[in-house]
Each structure stands twice: as structure tokens, then as C-alpha cells.
Amino acid sequence: MKMSDTLLDSPIATMNGVGEKRARLLMKLGIETVRDLLYYVPRSYENRGNIKTLSDGTDGNTHAFLLTVSGHVSTARLRGNLTVSKFRAFDDSGSVEVVFFNQPYIKDVFREGETYRFWGKLTRSRSHFTLSSPKYEPYVDSVPLDDFVPVYTVTNGISGKIIDKLVKTALGYALPHISDPMSERIRTENSLPTLAYAIKNMHAPEDSNALSRSLKRLAFDELFTFALGIRMSARLNEERDGIKCSPCSVKPLTDLLPYELTGAQKRTVNEIYSDMTGVRSDRFRPMSRIVIGDVGSGKTVCAMMAAYIAIKSGYQAAMMVPTEILARQHYAEFLSYFEKLGITTRLLLGSTGKKEKEKIYRETESGECSMLIGTHALINEKVKFKCLCLTITDEQHRFGALQRAALQKKDDRSHLLVMSATPIPRTLALAMYGDLDISRVDEMPKGRLRVLTYALDESYRPRILDFIRKQVSLGGQVYIICPAIEEKDGSDDTDSENLTSMKTEQGPFRAEKGIHLKNAVDYSRELSDALPDLKISCLHGKLSSAEKDRIMTEFAEGRSDVLVSTTVIEVGVNVPNATLMIIENAERFGLSQIHQLRGRVGRGEKQSYCILMSDSKGENAGERLRIATTTYDGYEIAEKDLLMRGPGDFFAQNSDNNLRQSGGIEFKFAKLCNSTELMDMAFRAAEKTIREDPELMQRENLLLRDEISRLFRFGRAPIS
Ligand code: ADP
Ligand code: MG
């Protein structure tokens, strides 16, 4: 290990000013090493360089002011232990009362006649101005203050000030040790600043230009290393040997299906068949294929065909899905066919009883069980296969990658089939899934009724209640999606912070002023009062996964009529009986997301509806909702979404908290991209790098190679 790595990867507790206790608190924020600290991304920036005069300050808004203290600090005791300290301060345009609560030491901080830069919320009532608990820095002519001040996510016991101080310390001694894995050539070709510059300016921006250049560089890094890593994974797969399946007929299975496969399904099954039986390739390697198809396009049956091919050859197949309810649904579907074909199928969940588990372990090891379906319980080390030939994973997001790999490791020669319900644009798909062959199920089964979609505003509210009642009386069920969990919960369940300057001012995720966000908890209560004879349940991300599963199952089995939920509702769940979906604050959702949500209804025979509720006056939101009501094709929607919003939200979706544990790249910066330009640049640069140096063996690429091995946790160097 190089000296610089040792220093950057040393535990945070080795820093001056960090004891054991503080280290533990920092850990909560995900900061374990000096490197983590340097890469700790500010949540937002305060533009304190933009100084306002008091008379220009607007009521209720936060500004920076340059004020001189004009009197003594007086401290008074209110009820209980509450103290309030006040003093007056002024600038050329007027004066203000500055107030601090419970900070009696304030009287020793401010001196009459001295000037400070304040940052805080101004309250104006007639001629009376107040500044409540502002932040402050002494202003001395000769010492310039930073214009942009980073705001970090904090935790109890670790203030922003502490983080700021630690970051500055780390920048001071560790920055010179940061080696830039990107070659000078790629850097200059793409007009990017150095890594050290970018990290420094992320924490202490010289000006707004330096800040945006830096964030751009860091986003580029993520996309660039990601694209390279994907290429390396593909190489690893090239080296593996696969289990060759014998040619067979899938007719016994297709004969059982109550429908005919669509053209796209047939094509997909043929591609899978030639991968697994090796009729196409000269050198046999295992299948690594992703099936991408719009919701409802019928991907499951393709997976079932693949399993059938493996099992017909005398081997085993396993299917892993993210939740228990999905596992149960898939199990029921597989079982309904496989039972008739004499294929032993088992379901393994975390909640499966101990005895049953033991039995399944035995049957799997002996080969008696041919088809195993379950959750991540499948990767338990007690699960041993006699000969695992195929692993199928059904994932909404790209990066269950490591779990997927863990299952595949049960037999290094097994074929891999991934199912994805996100119809992503072609350009993005090539980059994201560069390590996999792609099959597209781009045709819907015949005879599907469109989910009629309408965008409505609040004036329709009373009629909505009637519509809910009507759908339920016709035997249907209703989904209602809210952006927030609870009142005062400004953030929604899946939303990401998007505060830095790369994102446009009014991102679609940002609440518009004056628009109240519907929250699932209150909504379901109010609805229960309004519709007392209906059973209404409520689902959101703060519930335990067992709880979530229970509520979702209850709805799927028709034991509740209305499900009020945040966006956590399971994407793959099939409730054919659901005929109405109402999306509240629809302006807050991206087009693709609306399309995904809408895919929950319209799965049965009955006509289904999707109502997009919004009072937004925003032009962009209006356009999006208009597209949603007129376009029903997932790919077309995904293309439009990418054009309108940039790829950032796509990366945000793929960047969950478990990533640090699961390996892969967390798109902390890339999720802020609002145009495809940077993404294209980064992918092109990766393409070029690989073309010129396929094994990354040239000197200028060696650091890059290390970096990729580290991020992707390749068991061994991806290239030898
Ligand atoms: P998804 O691609 O979203 O996973 P599913 O595989 O769950 O979609 O299929 C959705 C529904 O369509 C299921 O009820 C399935 O039985 C049905 N289905 C699949 N293929 C066809 C087909 N070719 N014709 C008619 N119905 C089909
Ligand atoms: Mg599915």
C-alpha cells in the first residue's frame, strides 16, 4: 500500500480532535476514515457573500447582513430555564434587534462597535426588524470571509462547526497526499480541474464557478469509474466457464400457458435459450443477460422459461427477489405450472420456520428441489446446491449487484438472468448494463386496456371521494400515493437531497411555494373518517419490513380497499383487482416514476384509471403531467424524462444507503446532473480509455485500475 493510501484510509479517530466518542458519532454519518471525511458532501451552500442591507431584506427570508453592534447585550430569564439575550445592530439602511435563546455566553461574544457578518432569517413587522439566532462571523477588513459556506448533514453531538473544522484540518494535511487516479490527458481533454482542487473547493469554494467546476469533476469521476468498472466486470465474466444445457423443447411449458407469448417474449426466450445451450457462441461462457421491459410486459414468464431450460437439463435454478411478498407471488405463479410438470419448487424466506428451512436446505443440497425461490435468505451459507445452473434476480435497481454476485457464487459456472422493470433509454442502458447482454420485452400482451390517466386540480376533490367509493363498490381496490410520510416531514420517502448548484432552481422534486404536501399518515386518517365503511390502510418507509409486508399482503389479498402509501409500494407486486390509482402532488414525481406507479393498476380485466392530482402552476410540471396523460409507452416516457430532467434522478434511484456495504458506486454527485452532457462525456472518456488500454496497464492508468478494484471490490484484480 502506498503512503498516501495509508494516510487517507486511516481511521478518523487518528485525527487530532477526534476521540473515541466523536469517532462513534461520525461513524453514524458514514465517516470512518479521513477519506470519508474529505468526501463528505455538503448538503447545500449558504451564499453569504451576497450581502443585503436591512432595508433590502425580505420578511421571512434568510440573508447575509453586515452589521455593527450598537449596544450592550441584555440577558433576561424567561420562564423555567429559558434565557433570552438581545442587542441592537445596524447598517447604513437601518437597525435590527438580534435575539439569541439559551445562549447566555453571547454577552461575552459581541462587543459594541464591532462588525459581524450575520446569516439568518429576518422578520419584519412594520418598522420592527428582528434577527433570530443568526450565525455570525467577526468581520475584519483585512481578513476576507468565505462567500460560500458549506452546510453539512449533522447528528446530535456533531455540529456543522465541528465538521467544518475537521474538514479544514484534513484538507490541510491530507490534501497534498491525494493522488489523482485520472490521467492528465483525460483531465485536460475534458477540461476538468484536478481532484485536489475539486475536493478543496467542494468544502471551501473560492467562488460559484469554482464550486460548479468541482462538483462537475466529482460527478464525472463517478460516472467514469463506473463505466470502466462495468467493462472490467464484463471481462471477468468472459473468463468464466458455464454449464452447458442440453437442447430441449419448451413446448410442455408453453402448452400450459393460458395465452400465447408475444413476439418480444419469444425473441427473449430464444436469446436466453441460445445463451444457455451455447448454440450461438463458439467459445462457451455463461449467460449474463438482463431482460428490460415495461411494467406488465410479461418478464416473469421469460424467467420461468429460462428456469425450465436449466431444470430440463437436470440442473437447478434459483430466483431471488427483494421482498417476501414478491417472492410469495412469484412462487405461486411458478408453482402453478411447475407442479404440473413434476418440478419440485420451494419457497425460502427469512420468516420461513426453522424446520421447514432445514428441510429446504437438505432438498436443495441433494438436488431434490429443482427450483428455489426466495428473498436474500437464499444467499445464506447454509443454502447449498447440488448443481446450480441459473440464478435469476428480479431487481428494481441496478445495484443489488453484490447480493446478486453472492448468489451466483454458489456456483461460479451458473448463468445469470436479471430482470429490470425500468425501461431506460438506449444510451443510458448501454452504459449502465455494459456488462450484460440486453433483451428487451418491448411489446405489450394483446388486449390490455390502457390505464386512462387524467390530471386534475383541487376543485375536483369532492368528486374524487365519490370515484373512490364507486370503484370499491364495483369490486375494485384503490392505491393513493402521497409524497410525504407525516406532517412536518418535508422530505419524501425516496427523495434525495438536491441542493447544490448543479441542479436547476426549481427541480421537480422541490416543493413549490404555497403547495401543501399530502402526507400518507394524515391522509389515511382523514379518508377513514370520510369513508367509514371502507377499510383503509397506510404504508410508508418508516414501518419495519415485516409490517410493510403484512400491510401489502393484506391489500394484495383484498382484505383492505384502499392503500394510502408513499412511493415505497412494491414495484413488482401484482394486484389485478386494483383499478384506481390516485397520485397526490403529482408535480413532485418524475415522468418515469409516474409511469412505474401507474403500472400497479390495469393488471386485470377491468378498465383502470390513474388520477394525477396537482395544483402546481409550474410550466415544467404541467408539461410532464400532460405527457403522462397522453403517452403510455414506457420507453418513450423514459426518453422524454431524460431530456427534460437529465439523468440525475436515475442515478439517485440507483444510489441507496446500503451501497457502502454492498459495493459499487454511490452516485453522490452524479445524481445532481441535470443534463446528459456530462454523462456522455464521462462515458465517452471511459470508452476511449478502454480502447487504448484494455487492461489499464499503462502507467498513467495504474491508479485508476486500483481505484476500480477498490470500488467494485473485485475479489482479485479484474485484469491480470
Ligand atoms: P412484468 O413484466 O411487469 O414483471 P408480469 O410478468 O408480472 O409483468 O406479467 C404481467 C401479467 O401479464 C401477468 O398476469 C402475466 O400472466 C400476464 N402475461 C404475461 N405474458 C402474457 C402474454 N403474452 N399474453 C397475455 N398475458 C400475459
Ligand atoms: Mg415483474
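Reader: In this predicted model, how do I read the faces of strand E10, and which residues lie on each side?

Author: Side chains along a strand can be sorted by the face they point to, and one then asks what happens to each group. In strand E10 (residues 148-151), Phe148 and Pro150 lie on one side and Val149 and Val151 on the other, and all of them are buried, so that both faces are covered. The strand is joined by four bridges to strand E1 (residues 44-47), and the two run antiparallel. Within this pairing, glutamate 46 has valine 149 of E10 as its bridge partner.

Reader: Following the chain beyond E10 to threonine 155, in the loop between E10 and helix H4, is this residue buried or exposed?

Author: The way to decide is to compare the relative accessible area with a cut-off, and buried means under 20%. Threonine 155 has a relative accessible area of 18%, and therefore it is buried. Leaving aside neighbours within four places in sequence, threonine 155 is in contact with Leu25, Lys28 and Leu29.

Reader: What should I look for in the largest nonpolar core, and which residues touch the most other members?

Author: In soluble globular proteins, nonpolar side chains tend to be buried together. Here the largest such core has 78 residues, and Phe220 and Phe224 are the ones that touch the most other members. Helix H7 (residues 208-239) supplies the largest share of this core, with 12 residues. Another core, of 70 residues, lies apart from it and includes Met304, Tyr308, Met419 and Met552.

Reader: Which residues does phenylalanine 220 touch, not counting those up to four places away in sequence?

Author: The contacts of phenylalanine 220 include Met182, Ile186, Asn190 and Leu192, and, much further along in the numbering, Leu678, Met681, Ala682 and Ala685.

Reader: How do I read a sheet, and what is the strand order in the open sheet of six strands?

Author: One lists the strands in their spatial order and then notes the direction of each pairing. In this open sheet the order is E18-E23-E22-E19-E21-E20, with parallel pairing. Strand E18 (452-456) and strand E20 (536-539) stand at the edges, and because each has a single partner strand, one side of each is left without a neighbour in the sheet. On average, neighbouring strands are turned by 15 degrees against each other, direction ignored. As for the partner of E20, four bridges join E20 to strand E21 (residues 562-565), the two running parallel, and leucine 539 stands opposite serine 565 in E21.

Reader: Where do helices H17 and H19 pack on this sheet?

Author: Helix H17 (residues 545-556) touches strand E19 (477-481), E20 and E21, and its direction makes about 145 degrees with that of E20. H19, in turn, touches E18 and E23, with its direction at about 155 degrees to that of E18.

Reader: Where is lysine 617 found, and is it buried or exposed?

Author: Lysine 617 is in the loop between strand E23 (609-613) and helix H19 (619-630), and with a relative accessible area of 71% it is exposed. A polar atom of its side chain lies 3.0 Å from the backbone oxygen of aspartate 615.

Reader: Finally, which residues come nearest to ligand 1?

Author: One starts with the surrounding residues and then turns to individual atom pairs. Of the 16 residues around ligand 1, Gln265, Gly296, Lys299, Thr300 and Arg448 come nearest. A backbone N or O atom of glycine 296 lies 2.6 Å from an oxygen atom of the ligand, an N or O atom in the side chain of lysine 299 is 2.7 Å from a ligand oxygen atom, and a polar side-chain atom of threonine 300 lies 2.6 Å from an oxygen atom of ligand 1.

Note on methods: Residues are numbered from 1 along each chain as its sequence is written. Chains are lettered from A and ligands numbered from 1 in the order in which they are written. This is a predicted model: local features need pLDDT of at least 70, side-chain atom pairs count only at pLDDT 80 or more; totals for chains, interfaces and linings use all residues. Side-chain values use heavy atoms; hydrogens and water are left out. A nonpolar core is a set of buried Ala, Val, Leu, Ile, Met, Phe, Trp, Tyr and Cys residues joined through side-chain atoms within 4.5 Å. Buried means under 20% relative accessible area, exposed over 50%, partly exposed in between (1.4 Å probe, protein chains only). Contact means heavy atoms within 4.5 Å. A polar contact is a pair of N or O atoms within 3.5 Å; within protein, one must be able to donate a hydrogen and the other to accept it, and residues adjacent in sequence count only if both atoms are side-chain atoms. Two strands pair if DSSP finds at least two bridges between them. Axes are lines fitted to C-alpha atoms, for helices over the stretch in contact, and angles run from 0 to 180 degrees between N-to-C directions. A residue is near a molecule or strand if one of its heavy atoms lies within 4 Å of it.
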